[in-house]
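Open the model in your viewer and keep the selection panel at hand. The tour goes from one residue pair out to the whole chain.

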Amino acid sequence: MCVRAWWLYNPSLLLLVVVNFFVILFFEMGDKVLLLGSGGREHAIAWKLSQSPDVSEIIVAPGNAGTLNLAKTSNAGQDVPVSDYQKLAKWCVLNKVSLVAVGPEVPLAAGIADVLNEAGIACFGPSKLAADIEASKEFAKGFMDRHNIPTARWKSFTNAEDACQHINSAPYKALVVKASGLAAGKGVVVASSNDEACQAVKDMMQDKVFGNAGDTIVIEELLEGEECSVLAFTDGKNMVAMPPAQDHKRLLDGDNGPNTGGMGAYCPCPQISSTYLKQINDKVLKKAVDGMRQEQRNYVGVLYAGIMMTSDGPKVLEFNCRFGDPETQVLMIMLKSDLYPIMKACVNGNLTPDLVTFHENQSAVAVVMASGGYPGSYKKGMEVKGIEKTEKELGQIVFHAGTAVKDNKIVTSGGRVLATVAKAVDLPSAAMKALNGAETIEFDGAIFRKDIAKKGCDFLSRTNSDGLTYSDCGVNIAAGNSLVDAIKPLAMGTSRQGCSAVLGGFGGVFDTKAAGYKDPLLISGTDGVGTKLKIAQSVGEHDSVGVDLVAMCVNDILAHGAEALFFLDYFACGRLDVTVARDVVSGVAKGCKLGGCALLGGETAEMPGMYSDGDYDLAGFAVGAVERDQTLPRMSDIKTGDVIIGISSSGIHSNGFSLVRKLVERVGLSYSDPCPFEAGKSLGQCLLTPTKVYSKTLLPSIRSGKVKAFAHITGGGLLENIPRVLPKYLCAHLKSKWNIPPVFGWIATAGKIKASEMARTFNCGIGGVFIVNEADAEEVIQMVKGSGEECCTIGKIVSTESDGEQVRIDGLQEALLNSAPKNGVSSSPSNKLKVGVLISGTGTNLQALINSTQNPSKPSEAEIVLVISNVADVLGLERAKKAGIPTKVISHKGYKKRVEFDKVVSDALNEAGVEFVCLAGFMRILSGEFVRTWHGRLINIHPSLLPSFKGMHAQKLALEAGVRISGCTVHFVEEEVDAGAILVQRTVPVKSNDTIASLQERIKTAEHVAYPTALELVARKIAVLGDNGKIQWNGEPDDL
């Protein structure tokens, strides 16, 4: 055979060769892009670049788990020298990189674009001089003044006293305090008072919460209006604006909680009219680009303008020198054009408007999911589940941020973990879809907001009407449809044998035969939640009352021996808030799962004028089935001598809340106050503990045939519910030897309520009772406990006496008194180490200690019982109060000598029963007497690896010494500064391009792990300070 004719005999091989040839030719023809960054912004940019036919390869440095699995994309290996810009330029030349796109601001501020451009590498990002518009707030404000760009009145300071004097004397509300340098998007405090603003100044300039970024601060006028972000592509001469977007900086719904890097965004922002957007383009973006060029600052890439929409027109809050995060995630979804030619046009200086087009008549929403504890310390390595389902079944895009791959699983590796992004024909639909995506994804401690885009949706609902419509009358049909879309997957999750829980029809169908019933009786029950709803509405936590609603209904029909089959809910309100309604229904769905019944349907009634905004009411309807010969109660079988088994409640359940609310009002508490009967929670959280759902757990015991009756202890308490299952001639004689939760002791003592009234109003710790033969009692108790419920024998059936009472309870008054909290805390005994924490500022290490000591999944042997600050109104005090920890402010200013102040602090610690003290950013030098008093019971944390770099400015000293490793040290406190025995050390690398701020931030993360570890070592007595000043180790730190 002639070698040259092989294709005649193997045509399939010929086809394979030809295909491979053209694949290789295609990739060789495309460009290679290096993208710097690891967040959600970079994943979104890489996702968009991967769609370009002009791009053959994208290398993301360092990237994340999302960019790792993207088409044409790989994460950079260790051979890519991202921290050394000169070496990186050489690497780019050697590897034929066509363009470098820089995501974060730090490399731009350090001059990476200048180095790359000098080496002939195209860089999508501004020069070092141009990046000052973000890197220095002081420069940015001066730049705006020079070029007549509208912004708030301002002044910069390098001295804290001068700054505070300005705050108190400025002719405007000088309440916005900004660290001038880079602070990862968190260096801004919008204060509510002059005192709070001055405290922010001290935190930044004296406590160095943002490192060197706070050496210079800017004090600004507080502007009023609504914020938005408008970004623009620019080549240094021309600029093309993108649609306006709105970020959500605060951690919690309703713009509450601490500031973050951004918890979600939406685009476009309907509040921005085309006229207003033109003003932003002309008065802000164009002037900024022109000003940069006039000052010979080479600006190429993206210019980000944070805008406040005031009554006087747009005013700039800040400029950023790069894409925003999470705005980029929605902008890339909305960008219709190919991103790569836009980037090339910017670096080549030939940007034109026709290159940039966005989808019209559509909206995009991103919901960010963050790690528990963020923006403070948080755990890493939590497995993330549900991403594939969100992308494939819900058709959404998930942009990764703080993710990594470990053991072939996606795990968390950062504070902001990912964002679910949805696009739809209108903003409410996009918002609900994105929220559904976030609900589908799971990881331990996940946090996300449920009100992303609410402001835009509210604006649309107010303006999208020409003539009189149903909406004008206060009924929002679109919101109702959005709610149905949102709760459909929740209902589907409750499907069971006999029905498919699909919402949206005219009715629901249940097949009892398919559920296994032969001759069933149908049992129905209906109920509500009562005034417990007022507490949920006050606290802003709505899902638990959905569980209550189900429990109240299905527990009632269980009293007839019936299995709960399906459930219907009724939600009524004055104005439909989709997020609130969805939370309620998610609780209903959870309750249905606990009860084993299907959420088959419901009614949402929006009735303007019937209810005030924010108020709603609930009702539920349950249907169950029981075989005809198995119904309860079997009254004719109940006799004297039968045993009464009490099944424990979870607390108050859902009855008696009118009395509870009156009591809370009378004693002067608010629902956000620390709970007086359970440490570590707010009063509102404890009172909202949901009702126990018994229908699934108790059904096996009932079906055993050994239970004669079950009484659900609901409205009317013990005295009025047990008689409902008894013949008139029999009485339940109870002895109060069961465990009564402290909430009932608190109610009884704080309200001076008699035992008889308590028994007539509340369950007093017993959520239900069984009546059984004495011979069967132990077997039934074991069955109940085997199903996960707590129970015990609480009495016997006796004959009714002449007074006709059918329930007698012995010893209830004494039992209630014994369960009452002692000294303001739960009477439950605790052998934990009682810890006091001393602070002066924001309390980030305090938060790490709180998270550790209150972590239910990993119980601690330490308990923080008091937090003392020498400065009033600092963030650390708020952190403690939110965790239910008592706080005290003892100002040092009223004492002439340190020892006098220290004695007052020491007395306060002793009065609170403190056994051990942690210093967490306490900015006072302690007297020798205090240290000697608490010797061996006093620890501190220092931001270096002691004994190196003691005292102040540890990070600066480390950088000046050129060390390659730094870290933190937790040590016992001695009279000599930073000289005590070392408990725990954590190391961090010192990078070649580290600044004091970047090293400080890395060490701070290590501190949030080291400090809780050290406290636990002490609490568990693994580490004890001996008389010789050395630690006696009774194990190893790994024993934790």
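**From a residue pair to the chain**

Select cysteine 731 first: valine 798 in E31 stands opposite cysteine 731. The model is predicted, so to speak on paper only: local features need pLDDT of at least 70, side-chain atom pairs count only at pLDDT 80 or more, and totals for chains, interfaces and linings use all residues. Residues are numbered from 1 along each chain as its sequence is written, and side-chain values use heavy atoms, without hydrogens or water.

Next, select residues 730-735 and 791-799. These are strands E29 and E31, which pair in the antiparallel sense over five bridges. Strands are DSSP runs of E with at least two residues, helices are runs of H or I with at least four, and both are numbered from the N terminus; two strands pair if DSSP finds at least two bridges between them.

Extend the selection to the sheet. Its six strands run in the order E28-E30-E27-E31-E29-E32, the sheet is open and the pairing is mixed. At the edges are E28 (707-712) and E32 (807-810), each with a single partner strand, so one side of each has no neighbour in the sheet.

Now show the whole protein chain. It has 34 helices and 41 strands. The radius of gyration, taken over C-alpha atoms, is 33 Å, close to the 31 Å from the globule rule (2.2 Å times the number of residues to the power 0.38) for 1040 residues, so the chain is as compact as a globular protein of that length. Along its principal axes the C-alpha trace spans about 100 × 90 × 75 Å.

Colour by burial last: buried residues (under 20% relative accessible area, 1.4 Å probe, protein chains only) make up 53% of the 1040.

Conventions. Buried < 20%, exposed > 50% of the residue type's maximum accessible area, 1.4 Å probe, protein only.
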